[in-house]
Amino acid sequence: MAKSRAVEPSGCIVFLLLLLASPVSAMNLYVDRLDDEYNGCSMESCSLREAITVANGSDVYDTIILPAGTVELSRVGAGEDGNSTGDLDITRSVTIVGKGPGVSIVDANYLDRVFHIMGSGVVGAFEGMTITRGGNLAMGDGGGGIYVSHGTAVILRCDVVDNVSPLGGITSGCGGGIQARTGAVLWIEDSSVRSNVADNLGGGMFVNNESSLHVLRSTISQNHASVGAPAVYFQGDTGQINDSTISGNFTGSLDYGSIFVSGSMTLGFCTLTGNTDPTIKSSAANSVTLGRTIIHGQCGDSGISLGGNIETPGNTCGLSPLNDLMTSVDPDLGPLGLFGGLTETHRPSPTSVVVDLIFPPGVPDCTRPDQRGVPRPADSSGGATPLCDVGAVELIHGEIFLDGFECGYTGSWSSEAP
Ligand SMILES: [Ca+2]
Ligand SMILES: [Ca+2]
Ligand SMILES: [Ca+2]
């Protein structure tokens, strides 16, 4: 198994900063009503749809600020691209900032998808919001939550949840949560893509036609796709998923696996568990590069190993006996839940086979915090030396997270703390 490259989000930060850099004279547009009024922004009143129309007519990169609450789209008319009905059509670059997922919510009431980013070079950036209940049989193409073609979608600290992509008529049924097509860039960080449904391919997301995908510190869970690839369908240029959890995605079809890759994708420090097998499938061998990742399930094809991976049970991913661990031992991962950080994760038990492993020199070592933001490496099992754990979580020895409500680290408590 060749070692081809380090498990790093290459050049990502610089790229993101460039994308989000605001040129001079950009406007801040404050949304102050939660309905779907559409008769123009005024000083007294501006809906999200009205604010996007202002940004679409602006030559500079504007920012729209959402209040807390649920913006409910109500203007009937799916498949329209002028931002007057159905989905919210973004034709000039804009950042939309909410108060946080679950606090600022954009709900499309299944009248159409939620957001449509259109045009070469157009960036739609979403920060701190829930994007939900998008998708309609008449929406045209896929992407129930977000559809980006040619342009860029940046998704930071968002939940993309409960969106659908139905199949029939003019709608492809692909990309229940998100669809990125035709040279698009899909960038996802500190976000959850959860419980989205595609009647065709790509329950969580569908990325194709030379598009690229970057996922960091995010969780893709409980998505469904009828034809296959319930987590991610990727037929793109380059794909990277790092420090992330892919869990419980399901399909009745085995043809595409839970993650399907045609092209090239790297998964580093990820936890893959509870997905319909094959968990990863590709159009050709060696399309997928794995580093420091837990594959709790099966692969459909051999990949390239950077080392430090664990496959259990079995030996289907083409991993290296020298640099990886293939075992039949259960990884003893806890339930998916909020155990620190912004997204749900599976914590291994302190006695899990994935914690505090020593691999030969040359296997990628810990270089950045885990999905939750916990610095790596940490002592996870009560040993003398901090050692990297495999997967998205670095367990801290003595960490007490008995359930999702008890978040804290005993490192800051007294030794007498219960
Ligand atoms: Ca549209
Ligand atoms: Ca529209
Ligand atoms: Ca450790």
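# A tour of the strands and the core

Start by selecting strand β21: Ser212, His214 and Leu216 point one way, Leu213 and Val215 point the other way, and all are buried. Buried means 20 or more other C-beta atoms within 10 Å of the residue's own; exposed means 12 or fewer, partly exposed lies in between, and C-beta atoms are placed from the backbone. Strands here are DSSP runs of E of at least two residues, and helices are runs of H or I of at least four, numbered from the N terminus. In a regular strand the side chains alternate between the two faces of the sheet.

A word on the model. It is predicted: local features need pLDDT of at least 70, side-chain atom pairs count only at pLDDT 80 or more, and totals for chains, interfaces and linings use all residues. Residues are numbered from 1 along each chain as its sequence is written, while chains are lettered from A and ligands numbered from 1 in the order in which they are written.

**Partners of β21.** Stay with residues 212-216; five of the five are buried. Now add strand β17 (residues 185-189), which runs parallel to β21 and is joined to it by five bridges. Two strands count as paired if DSSP finds at least two bridges between them. Pick Leu186: its bridge partner in β21 is Leu213. Next add β24 (residues 232-242), which pairs with β21 in the parallel sense over four bridges. Here His214 stands opposite Gln240.

**The core.** Select Ile64, Ala153, Leu186 and Tyr233. These have the most contacts inside the largest nonpolar core, which has 100 residues. Such a core is a set of buried Ala, Val, Leu, Ile, Met, Phe, Trp, Tyr and Cys residues joined through C-beta atoms within 7 Å. Strand β26 (residues 259-268) gives the largest share of this core, five residues.

Zoom in on Ile64. Beyond its neighbours within four places in sequence, Ile64 is in contact (C-beta atoms, placed from the backbone, within 7 Å) with Leu29, Val31, Leu48, Ala51, Ile52, Ala55, Val94 and Ile96.

**Helix α2.** Select residues 48-56. Seven of the nine are buried: Leu48, Arg49, Glu50, Ala51, Ile52, Thr53 and Ala55. What do the buried residues of α2 pack against? Show β1 (28-30), β2 (62-65), β3 (69-72), β4 (88-90), β5 (94-97) and β6 (104-107).

**The eleven-strand sheet.** Colour this open sheet in order: β3-β6-β9-β12-β18-β22-β25-β27-β30-β32-β33, with parallel pairing. β3 and β33 (325-326) are the edge strands, each pairing on one side only. Inspect β30 (residues 294-296) and β32 (residues 310-312), a parallel pair over three bridges. His296 has Thr312 as its bridge partner in β32.

**Strand β31.** Move to residues 304-307. Ile304 and Leu306 point one way, Ser305 and Gly307 the other, and all are buried. Three bridges join β31 to β29 (residues 288-291), and the two run parallel. Thr289 has Ile304 as its bridge partner.

**The three-strand sheet.** Show β13-β19-β23, an open sheet with parallel pairing. β13 (164-165) and β23 (224-225) are at the edges with a single partner strand each, so one side of each has no neighbour in the sheet. β19 (residues 197-198) and β23 pair over two bridges, with Ala225 as the bridge partner of Ala198.

**Last stops.** Arg347 lies in strand β35 (residues 345-348). Why is Arg347 classed as buried? Because 27 other C-beta atoms lie within 10 Å. Its C-alpha is 8.6 Å from that of Gly337, ten residues apart along the chain.

Finish in the segment after β35, at Thr367. Thr367 is partly exposed, because 13 other C-beta atoms lie within 10 Å. Draw a line from its C-alpha to that of Cys388: the two are separated by 9.7 Å and 21 residues apart along the chain.

Conventions
Two residues are in contact if their C-beta atoms, placed from the backbone, lie within 7 Å.
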